[in-house]
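Visitor: Hi! I'm new to this one, could you walk me through it?
Guide: Happy to. Have a look first, and then ask away.

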Amino acid sequence: MAVAEFLVPIVANRSFLEIGTRRGDISACLAKHAASSTAIEVYRKYCHALRQRGLSVLCARVEE
């Protein structure tokens, strides 16, 4: 969570995108401070968990 604490002032009131978030712990913390937040995750099993957490998620390879 040290990474999230470091990033809070950087993403505050800005758009934030996390690639490869897995379960979304950092995205969930930062989404509270960002103007908008999106996660990109390739593994479908994690996409479901991210949606259940209320996060905006794109389930695809970042190259797509």
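Guide: What follows is a short chat about bonds, contacts and surface in this predicted model.

Visitor: Let's start with cysteines. How many disulfides does a search of the whole structure find?
Guide: The search finds one disulfide. Cys47 and Cys59 are the two partners, with a sulfur-to-sulfur distance of 2.0 Å.

Visitor: And where do those two sit in the chain?
Guide: Cys47 belongs to helix α3 and Cys59 to strand β3, so to speak two distant parts of the chain, 12 residues apart.

Visitor: Are Cys47 and Cys59 buried or exposed?
Guide: Both Cys47 and Cys59 are buried.

Visitor: What about Cys29, which cysteine sulfur is nearest to it?
Guide: That would be the sulfur of Cys47, but it is 19 Å away, and Cys29 is in no disulfide. A disulfide needs the two sulfur atoms within 2.5 Å, so Cys29 at 19 Å from its nearest candidate does not qualify. As for its surroundings, Cys29 is partly exposed, with a relative accessible area of 27%.

Visitor: Switching to charges: how many salt bridges does the structure hold?
Guide: It holds two salt bridges. In general, side chains of opposite charge can pair when their charged atoms come close.

Visitor: Okay, which residue does Arg53 pair with?
Guide: Arg53 pairs with Asp25, and their closest N and O atoms are 2.8 Å apart. This pair connects distant parts of the chain: Arg53 lies in the loop between α3 (44–52) and β3 (57–59), while Asp25 is in helix α2 (residues 25–31), 28 residues apart.

Visitor: How accessible are they?
Guide: Arg53 is partly exposed at 42% relative accessibility, and Asp25 is partly exposed at 43%.

Visitor: And the salt bridge of Glu63, who is the partner there?
Guide: Arg61 is the partner of Glu63, with the closest N and O atoms 3.5 Å apart. Glu63 counts as exposed because its relative accessibility is 61%, whereas Arg61, at 46%, counts as partly exposed.

Visitor: New topic: aromatic rings. How many aromatic pairs turn up in the whole structure?
Guide: One aromatic pair turns up. The rings belong to Tyr43 and Tyr46; their centres are 6.4 Å apart and their planes stand at 80°, so the pair is edge-to-face.

Visitor: Why does 80° make it edge-to-face?
Guide: Because planes over 60 degrees apart count as edge-to-face, and the planes of Tyr43 and Tyr46 are at 80°.

Visitor: Is Tyr46 buried or exposed?
Guide: Tyr46 is buried, with a relative accessible area of 10%. Its ring partner Tyr43 is partly exposed, with 44%.

Visitor: Now the outside. Which residues make the nonpolar surface patch?
Guide: Leu17, Ile19 and Val62 make it, and the patch covers about 280 Å². Leu17 sits in strand β1 (residues 15–19) and is partly exposed, with a relative accessible area of 48%.

Visitor: One last residue: where is Ser37, and what does it touch?
Guide: Ser37 is in strand β2 (residues 36–41). Leaving out residues up to four places away in sequence, Ser37 touches Phe16, Ser27, Ala31 and Ser56.

Visitor: So is Ser37 buried or exposed?
Guide: Ser37 counts as buried, at 16% relative accessibility.

Note on methods. Residues numbered from 1 in each chain as written. Predicted model: local features only at pLDDT ≥ 70, side-chain atom pairs only at ≥ 80, totals over all residues. Heavy atoms only, no water. Salt bridge = Lys/Arg side-chain N within 4 Å of Asp/Glu carboxyl O. Helix = DSSP H or I, 4+ residues; strand = E, 2+ residues; numbered from the N terminus. Buried < 20%, exposed > 50% of the residue type's maximum accessible area, 1.4 Å probe, protein only. Patch = residues over 30% accessible without salt bridge, like charges linked within 9 Å, V, L, I, M, F, W, Y side chains within 5 Å. Areas by Shrake-Rupley, 256 points an atom, 1.4 Å probe, with all protein chains shown as cover. Phe/Tyr/Trp six-rings, centres within 6.5 Å; stacked < 30°, edge-to-face > 60°. Contact = heavy atoms within 4.5 Å.
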